[in-house]
Amino acid sequence: MHNQSRKHRWLRWLIGVATTLLIMIFAAGGYFFHVAMVPGHKDFINNNTKIVKSDPLYQQKKWYQDVHKTRWTIKSATGNYRLDAWYVPAAKKTSKSVLIAHGFMGNKDQMGAYAALFHQLGYNVLVPDARAQGQSEGKYIGYGWPERYDERKWINKLIKRNGQDSQIVMFGVSMGGATTMMTSGIQLPRQVKAFVEDCGYSSLAAEIDYEAQNLYHLPWLVRKPLEGSLSIINRIANGFYLHDASSTAMLKQNHRPMLFIHGADDDFVPTRMVYQNYQATRGPKQLWIVPGAAHAKSFATHPKAYQKHVQKFLDQYVK
């Protein structure tokens, strides 16, 4: 009897410890869900859209600030959110259009320099705010996964506006780069001719694991249960598990041309991820590792070479 009651005490103690640990893991998961998925200002992301003359992309950003823009809106593919975008037609009537996707906690106005680049190359330019960011409605950031179907709706709107002979390129930086890659793997209209992605991650799970080490210095034994709880919370609130949102998985479905750009000194989305992405795609492809460029700084680091690479690649597929 005495042994049995001791066993019961041990069992109760173990259950108590396990329950406490589980509560702590899910509480921490909830905290990280708030940090990663809930929109709002984040200290480690530069949200500054004020331009200064010393900026290597000053001319491009100034053009974007001054140019006349038309507001476009659509309803999101899921969740019934109103999504907001700026549209700038090309200087000369053309069938060429670009859809530009911004980064994490960003907005359409932060993509002004890229809008200028494509406008200079003769494209109509459409720059949306992703769901839950900028002036678009939404509860949570989807890291490109639910957004890929929003992007398809923007593509269809471009075709409706500019005609069946439209030639569309999709371009994105950071989370926008991942969104571009994820969009490449779904069924798209024939008018989509090519993609350009700049410093997108290989998958959301891999990126969050990397940041848990890089920003929070969490050891593997702590990271894995935390990421598991975050993934479950995200599935309940946001509709998908972390490992679902995979650029590499979607690239395996892509047969269209894609240019991959990544800074050699990127320590936010590690440069190694671009090699996995590049390997995964099934279409014509090109890779440019930009010397000396930090995360999302490739254009600012080498403006002329950047424009040249983009133009040379796209000229093969968009006439």
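**Exercise 1. How many of the six residues of strand E7 (residues 258-263) are buried?**

Solution. Fix the ground rules. This is a predicted model, in which local features need pLDDT of at least 70, side-chain atom pairs count only at pLDDT 80 or more, and totals for chains, interfaces and linings use all residues. Residues are numbered from 1 along each chain as its sequence is written, and side-chain values use heavy atoms, with hydrogens and water left out.

Step 1. Set the terms. Strands (E, at least two residues) and helices (H or I, at least four) are DSSP runs numbered from the N terminus. Buried means under 20% relative accessible area, exposed over 50%, and partly exposed in between (1.4 Å probe, protein chains only).

Step 2. Count. Six of the six residues of E7 are buried, leaving the strand mostly covered.

Step 3. Split by face. Met258, Phe260 and His262 lie on one side. Leu259, Ile261 and Gly263 lie on the other. Both faces are covered.

**Exercise 2. Place E7 in its sheet.**

Solution. Step 1. Write the strand order. The open sheet has eight strands, E1-E2-E4-E3-E5-E6-E7-E8, with mixed pairing (two strands pair if DSSP finds at least two bridges between them).

Step 2. Find the edges. Strand E1 (70-75) and E8 each have a single partner strand, so one side of each lacks a neighbour in the sheet. Neighbouring strands are turned by 20° against each other on average, direction ignored.

Step 3. Pair E7 on each side. E6 and E7 are parallel, over four bridges. Six bridges join E7 to strand E8 (residues 285-290), also in parallel.

Step 4. Trace bridge partners. Glutamate 197 has phenylalanine 260 of E7 as its partner. Phenylalanine 260 in turn stands opposite leucine 287 in E8. Leucine 259 faces glutamine 286 in E8.

Step 5. Add the connection. E7, helix H9 (residues 272-280) and E8 form a right-handed β-α-β unit. Right-handed means that, with the strands pointing away from the viewer, the path from the first strand over the helix to the second runs clockwise.

**Exercise 3. Compare the surroundings of phenylalanine 195 and leucine 287.**

Solution. Step 1. Locate phenylalanine 195. This residue sits in strand E6 (residues 192-198). Its relative accessible area is 0%, so phenylalanine 195 is buried.

Step 2. List its contacts (heavy atoms within 4.5 Å). Beyond four places in sequence, phenylalanine 195 touches residues including Thr180, Ser184, Met258, Leu259 and Phe313.

Step 3. Turn to leucine 287 in strand E8. Its relative accessibility is 26%, so leucine 287 counts as partly exposed. Beyond four places in sequence, leucine 287 contacts Phe260, Val274, Tyr275 and Tyr278.

Step 4. Check one distance. The C-alpha atoms of leucine 287 and phenylalanine 260 are 4.7 Å apart, with their positions 27 residues apart along the chain.

**Exercise 4. Why is helix H5 (residues 175-184) described as largely enclosed?**

Solution. Step 1. Count buried residues. H5 is largely enclosed by the rest of the structure because 10 of its 10 residues are buried. Among them are Met175, Thr180 and Ser184.

Step 2. Check the confidence. pLDDT is the predictor's confidence in each residue, from 0 to 100. The protein chain has a mean of 92, and 91% of its residues reach 70 or more. Over residues 42-47, pLDDT stays under 50. The model has 15 contacts for that stretch beyond four places in sequence.

Note on methods: Axes are lines fitted to C-alpha atoms, for helices over the stretch in contact, and angles run from 0 to 180 degrees between N-to-C directions.
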